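Subject: Structure handover

Hi,

Here is the structure I said I would pass on. Please open it alongside this note.

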Amino acid sequence: MKVFVLTHEYEYKVDYYEELEQKYLGIYSSEEKAQQAAKRYYQLPGFNKYPFDYFYITEDEMDVDNGWAEGFVAWEGEYFGDIQDL
């Protein structure tokens with residue numbers, strides 16, 4: 001089943017590097033419903049200070065593993081391995 005994920009994203013500068021600010025806003029059953037939600041959010045304080053194109057709608061699949069299949073490396077560099085190792 002396809003779903004549509006709505007986020008609001010923008011970059012800002014902190015000292016000498018750029019930081020990404022990302023807000024997860026919802027999952028919708030159609031792209032049209034996600035677009036309607038973006039229009040509602042755009043009316044709210046904070047969101048309306050940025051261009052409308054800072055809203056992003058991405059298509060995804062339900063009940064599908066989408067990442068991290070090999071585990072991950074912690075910020076300290078420690079490898080946690082496969083889920084079978086748990």
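Below is what I found, starting with the sheet and ending with one residue in it.

First, a caution: this is a predicted model.

The sheet. It is open and has 3 strands, in the order E2-E1-E3, with antiparallel pairing. E2 and E3 (55–61) are the edge strands, each pairing on one side only. From one strand to the next, the twist averages 30°. Strands like these pair through backbone hydrogen bonds.

E1 and E2. E1 covers residues 2–14 and E2 covers residues 17–28. They are antiparallel, with 11 bridges between them. In this pairing, Lys13 sits opposite Glu18 of E2. The hairpin has 2 residues between its strands, and Asp15 takes a positive phi near 55° there.

E1 and E3. This pair is also antiparallel, joined by 7 bridges. His8 stands opposite Phe55 of E3.

Glu9. This residue lies in strand E1. Is Glu9 paired with an opposite charge, or without a salt bridge? Glu9 is buried and has no salt bridge. Lys23 is the nearest side chain of opposite charge, and it is 10 Å away. A salt bridge needs a separation within 4 Å, so Lys23 does not qualify.

What does the side chain of Glu9 contact instead? There is a polar contact with the side chain of Thr7, at 2.9 Å. Another, of 2.8 Å, joins Glu9 to the side chain of Gln22. Leaving out residues up to four places away in sequence, Glu9 touches Leu20, Glu21, Gln22, Tyr54 and Tyr56.

Best wishes

Conventions:
Residues numbered from 1 in each chain as written. Predicted model: local features only at pLDDT ≥ 70, side-chain atom pairs only at ≥ 80, totals over all residues. Heavy atoms only, no water. Pairing = 2+ DSSP bridges. Helix = DSSP H or I, 4+ residues; strand = E, 2+ residues; numbered from the N terminus. Axes fitted to C-alpha atoms, helices over the stretch in contact; angles between N-to-C directions. Buried < 20%, exposed > 50% of the residue type's maximum accessible area, 1.4 Å probe, protein only. Lys, Arg positive; Asp, Glu negative; His and termini not counted. Polar contact = N/O pair within 3.5 Å; in protein donor to acceptor, adjacent residues only side chain to side chain. Contact = heavy atoms within 4.5 Å.
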